[in-house]
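Biologist: Please take one part of this model and go through it closely. I would like to know what it packs against and how it fits into the rest.

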Amino acid sequence: MEYHRHEVVIVGAGIAGLSAALEVQGSADVAVLSKIFPTRSHSTAAQGGTAAALGNMEEDHWEWHWYDTVKGSDFLGDQDAQEVLCREAPEVIFALEHLGVPWSRTESGRIMQRPFGGHFSQFGKGSPVRRACMVADRNGHAILHCLYEQCLKRGVRFYSEFLVVTLMVREGRCHGVVAWDVARGDLHVFEAKAVMFGTGGYASAWQVNTNCLANTGDGLALVLEVGLPLEDMEFVQFHPTGIYPSGILVTEGARGEGGYLLNDRGERFMERYAPSKMEVAPRDIVSRAEQTEIDEGRGIGGKGYVHLDLRHLGKKLILEKLPQIHEMGVKFAGVDCTEAPLPILPTAHYAMGGIPTNVDGEVLADEKGTVVEGFFAAGECACVSVHGANRLGTNSTLECAVFGRRTGRRIRRYMEAGVEYRGVPEEEPERAQKKVADILEARGPERVSRLRAELKESMTKNMGVFRTGEGMREQVEKLRELRERYGRIGITDHQKVFNTELEEALELGHALAFCDVIVAGGLAREESRGAHARKDFPKRDDAKWLKHTLAWRSEDGSVRLGYKPVAITRFQPEERKY
Amino acid sequence: MERIFRVYRYQPGQEERGRYQEYRVEVGTSWTVLDALGYIKGELDGTLTYRRSCRHGICGSCAMTINGHNRLACETQVKDLKGDRIELEPLRSFRVIRDLVVDMGEFYDRYEAVKPFLMPRGAPPTDRERLQSPEDRRKLDGAYECILCGCCTSSCPSFWADRKFLGPAALLKAYRYVFDSRDQDMGERLKIVNDPHGLWRCHTIFNCAEACPKGLNPTRAIGALKREVVKRRI
């Protein structure tokens, strides 16, 4: 086992991790670990835009953005964190421009912006406002590549294709991580003064999802393993426009630019669900509308999808502003969207929940806000919470950039304060070794691919767009069964070099762990709020449930729940209508 | 529809050289090659090894040679491939680590060599973006979209002949910054690409343009760089 020492170890090379790395580099020795090559991180798949009230297209104010984010979150987001997100958005966008992001431009040379769901003027009362800063429809790709290139410029050290297998946290203090070098097939201990997770989300636990295959929520499971809690995990966003049947993403920008949603009768069915905002209502609302149309037999040909029609936008606009969508329609649905509507369905997309942090990315250990010494998180794996029960489109890349940067700055100050290495606890390398060896030598009858398929099918059935107590109780049982069978898995690949079967088995173990807390949190929460829509409790219940879930998991799969209040600083909860 | 996948296999430490292994797969109607690989790995042979991630042609992980052409597995529909037998091989001209996984190290080194980052003109304004006209911004179209998959460089005969050649991907990246109106140091980057193993090794064969899954045209970009070098007498 090889030992490394870096003052700062960042796990994950998406927009959050790299934004932090750029802040820390130069003042501390920083290393970035990523399970795939950095530019292949899932941030690259973000399409439509990054929100900031620049007002380049028409009047806009960061307070309007703040209000929209609060309302979009169904009032579960922490308003102090949401304020930070929206207030700092413009300067972060400018900073990205200064680094070289090739933003699309207006005639006057400013950054171009487009409308997106849930973003309006006049504190929600006005018309849609163009707030999403855009690089055509390749926003994430352009930002991620730019950040990676800046990291190269500044000499950030990367360990690519290193899969972190354990996090070393003991008695509230972080010591580092242990990682598996995929290409060579051996373990590496990384001792660090500060560890930051930017490990991404967990929507790949659903059968139909937009996530990349590497996005398996590993970081969340590692946090549970060391006895720390996760926050609001039951809130998982279903994006309204996944390409049927695989669920890969069509940007909301397509509706922002004016696309229609149509059912089998050719009706713009959003009239019945969000008469004023129609297709640009927030995602939870549009996804439920689509699912209702499909469930009531008004999917196209009675099947499990509806249509996204862009034809009236014209070929010129589509090719200029939505070129990737055009290409994807042709390649994945066999549909030229300038000539025919795209078949689409709701698809698991984004994890609102995650590792509880404060606005500086410090990880919190409990309801009281006790900080875990030397452990930080930002991006989709974290829960600040800026998205609450439902995230607005374009706020995710923004969250990564704003809180990645803030976390990097906090780590820099933390280093400047003169913190020491804390050593590697004796049992830790052994724990990692055992975790890998148990799988590498596993020769039982159960197959990883079978268990994974059953996990995804059951999560889709029981934890989908609509949920019920009965379905979630069924899922608790299913997870128990899967965990038990996971103890009897076997793999056929026992080699060390580039063993992706080992990797997939570790990832499945991680998914089984965090799914327990998703279901436990959802079952306990007897209300409907944002993306958590219960048929047996269809109303939001502020008296009982205007609070964040915290969930701890024991090794036997049992979950302990706790709660903490929501920060309400300016906007009082009101009925959420669009 | 049954298809036979003939897949290149190489297990380091276990065999001297690569071999081919065939898998019979009942392919679903809208399956991509990546779906078929997932099926093979999950159901038939857990030892088959390949890279993959995003599933929709934007991360660049799953580049490989499919029936002799460099493609992304995730956006190649099986039904579009002719014949009963589909041949999958690792990207050529890179060292094979295992099965369909190649060592991209040399490829990334070339990319880093062209200084793939903005070297801006003066300090930017503190409270807003630098301005860039839509015409200037348009010059980056067809270059910034590169996903670093390696399809182009692996297909380039000049790269096969000269292992030190920067290759089309790195040169396209140089173009992306040379022609960015916000970049100051066109000269420095042009010097790098004007190396004996740089621009002039490109003999406009256009394999790269044919191989690019994103429809980009590195040969054209290299032509523009050549003209710029001549114009500026670098």
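Modeller: What follows looks at one pair of helices in chain A, then at the core and at chain B.

Keep in mind that this is a predicted model. The part chosen is helix 14 of chain A, which covers residues 500-524. Its partner here is helix 13 of chain A, residues 469-486. Two packed helices are described by the angle between their axes and the distance between the axes. For this pair the angle is about 155° and the axes lie 10 Å apart. Because angles over 145 degrees count as roughly antiparallel, helix 13 of chain A is roughly antiparallel to helix 14 of chain A. The crossing of helix 13 of chain A with helix 14 of chain A is left-handed.

Next, the residues that make the contact. On helix 13 of chain A they include Gly469(A), Met472(A), Arg473(A), Val476(A) and Tyr486(A). On helix 14 of chain A they include Leu508(A), Leu512(A), Cys515(A), Asp516(A), Val519(A) and Leu523(A). Sorted by class, the contact between the two helices has 10 nonpolar, 4 polar and 3 charged residues.

Leu523(A) is a useful residue to follow, and it is found in helix 14 of chain A. Leu523(A) has 21 C-beta neighbours inside 10 Å, and therefore counts as buried; the cut-off is 20 or more. Leaving out residues up to four places away in sequence, Leu523(A) touches Gly469(A), Met472(A), Arg473(A) and Val476(A). A separation in sequence can also be set beside one in space: Glu430(A) is 93 residues from Leu523(A) along the chain, and their C-alpha atoms are separated by 36 Å.

Now the wider setting. The largest nonpolar core has 261 residues. Helix 14 of chain A gives the largest share of this core, 14 residues. Among the residues with the most contacts inside the core are Ala89(A), Phe514(A) and Leu171(B). Apart from its neighbours within four places in sequence, Ala89(A) is in contact with residues including Ala51(A), Trp62(A), His65(A), Leu398(A) and Val402(A).

Chain B also meets chain A directly: 40 residues of chain B are in contact with 44 residues of chain A. Helix 1 (33-44), strand 6 (96-98) and helix 3 (134-138) of chain B each supply at least two residues of the side that touches chain A. That side of chain B has 15 nonpolar, 13 polar and 12 charged residues. As a whole, chain B has 9 helices and 7 strands, and buried residues make up 47% of its 234 residues.

Note on methods: Residues are numbered from 1 along each chain as its sequence is written. Chains are lettered from A and ligands numbered from 1 in the order in which they are written. This is a predicted model: local features need pLDDT of at least 70, side-chain atom pairs count only at pLDDT 80 or more; totals for chains, interfaces and linings use all residues. Two residues are in contact if their C-beta atoms, placed from the backbone, lie within 7 Å. Helices (H or I, at least four residues) and strands (E, at least two) are DSSP runs, numbered from the N terminus. Ala, Val, Leu, Ile, Met, Phe, Trp, Tyr, Cys and Pro count as nonpolar, Asp, Glu, Lys and Arg as charged, and the others, Gly among them, as polar. A nonpolar core is a set of buried Ala, Val, Leu, Ile, Met, Phe, Trp, Tyr and Cys residues joined through C-beta atoms within 7 Å. A residue is buried if 20 or more other C-beta atoms lie within 10 Å of its own, exposed if 12 or fewer, and partly exposed in between; C-beta atoms are placed from the backbone. Axes are lines fitted to C-alpha atoms, for helices over the stretch in contact, and angles run from 0 to 180 degrees between N-to-C directions. Angles under 35 degrees count as roughly parallel, over 145 as roughly antiparallel, 65 to 115 as roughly perpendicular and the rest as oblique. A crossing is left-handed if the near helix is turned anticlockwise from the far one by less than a right angle, and right-handed if clockwise.
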